Amino acid sequence: RRAGMPTMKVVAVYASSPALTAILAAVLAAVPSLRVRHFDSQHALTTYMRLSPVDILVCDFDCEPDPADRLTRSLRSDPQIAQSDFAVIALTHSVEADLKQVAMASGIDEVIVKPMSPKYLLERVLARVRLQRFAPSVPAPRQVLPQGERRSATPANWGGNVISLFGDGPAPAS
């Protein structure tokens, strides 16, 4: 890497259909600082991630038999994965009552509801890249807040297709 050159981020894309995967990968690949790899199976994705680091994974709850939660859980628990601190953006066509808990338990960082513009996904990927760029390499000590005060891990004012997993808003009634 040359001094002053931006760091290339690797984005892996594995969606529910080859057409969707190709469209999303093409839009992401238009950004020079992103190296995009697309996959048609969990096996191919896992093999790649064992050999090469991935910074951001875009996956899909609609992939059968590899929905985003099971895929993410499998990858995060695999000791052979080259880089274990990758971010996960999951796509879903429907929001069910337990989606937030399932996503959090499996290690998914963000959920986007389909249909969405591929450019919207690009915005979210670039936001994750910015978060990674400013993330400390050593975990920061936990900050103790005054009693009753909470700090959100993601902006509470997100709108559109993003489901905030850690927002300050009240939990939806089941």
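The following exercises, with worked solutions, concern a predicted model.

**Exercise 1.** Determine how strand E4 is placed with respect to burial, and which residues lie on each of its faces.

*Solution.* Step 1: Strand E4 spans residues 87-92, and six of its six residues are buried. Step 2: Sort these residues by side. Ala87, Ile89 and Leu91 lie on one side, while Val88, Ala90 and Thr92 lie on the other. Step 3: Both faces of E4 are therefore covered, since buried means under 20% relative accessible area.

**Exercise 2.** Identify the strands that pair with E4 and describe the connections between them.

*Solution.* Step 1: Consider strand E3, residues 56-60. E3 pairs with E4 in the parallel sense over five bridges, and Leu57 stands opposite Val88 in E4. Step 2: Follow the chain from E3 to E4. It passes through helix H3, residues 68-77, in a right-handed β-α-β crossover. Step 3: Turn to strand E5, residues 110-113. Four bridges join E5 to E4, and these two strands run parallel; Thr92 has Val113 in E5 as its bridge partner. Step 4: A right-handed β-α-β unit is also made by E4, helix H4 (residues 99-106) and E5.

**Exercise 3.** Find which residues of helix H4 are buried, and explain why they line one face of the helix.

*Solution.* Step 1: The buried residues of H4 are Leu99, Ala103 and Ser106. Step 2: Viewed down the axis of H4, the buried residues fall within an arc of 75°, so they line one face. Step 3: The general principle is that an α-helix has 3.6 residues a turn, so residues three or four places apart point the same way. Step 4: After the helix comes Gly107, whose phi is positive, near 95°.

**Exercise 4.** Describe the nonpolar cores and state which elements supply the largest one.

*Solution.* Step 1: The largest nonpolar core has 23 residues, of which Leu45, Leu57, Leu75 and Ile108 touch the most other members. Step 2: At least two residues of this core come from each of strand E1 (9-14), helix H2 (42-51), E3, H3, E4 and H4. Step 3: A second, separate core has 21 residues, including Leu24, Val31, Met116 and Leu121.

**Exercise 5.** Classify the aromatic pair formed by Phe39 and Tyr48, and describe the placement of Arg76 relative to Phe86.

*Solution.* Step 1: The count comes to one aromatic pair. In this pair, the rings of Phe39 and Tyr48 are 5.3 Å apart centre to centre, with 50° between the planes. Step 2: The pair is tilted, because angles under 30 degrees count as stacked and those over 60 as edge-to-face. Step 3: Phe39 counts as buried, at 10% relative accessibility. Step 4: Arg76 lies over the face of Phe86, at 4.4 Å from the ring centre.

Note on methods: Residues are numbered from 1 along each chain as its sequence is written. This is a predicted model: local features need pLDDT of at least 70, side-chain atom pairs count only at pLDDT 80 or more; totals for chains, interfaces and linings use all residues. Side-chain values use heavy atoms; hydrogens and water are left out. Rings of Phe, Tyr and Trp (its six-membered ring) pair if their centres lie within 6.5 Å; planes under 30 degrees apart count as stacked, over 60 as edge-to-face and the rest as tilted. Buried means under 20% relative accessible area, exposed over 50%, partly exposed in between (1.4 Å probe, protein chains only). A charge sits over a ring if NZ of Lys or CZ of Arg is within 6 Å of the ring centre and within 35 degrees of the ring normal. Two strands pair if DSSP finds at least two bridges between them. A crossover is right-handed if, with the strands pointing away from the viewer, the path from the first strand over the helix to the second runs clockwise. A nonpolar core is a set of buried Ala, Val, Leu, Ile, Met, Phe, Trp, Tyr and Cys residues joined through side-chain atoms within 4.5 Å. The arc is that of the directions from the helix axis to the C-beta atoms.
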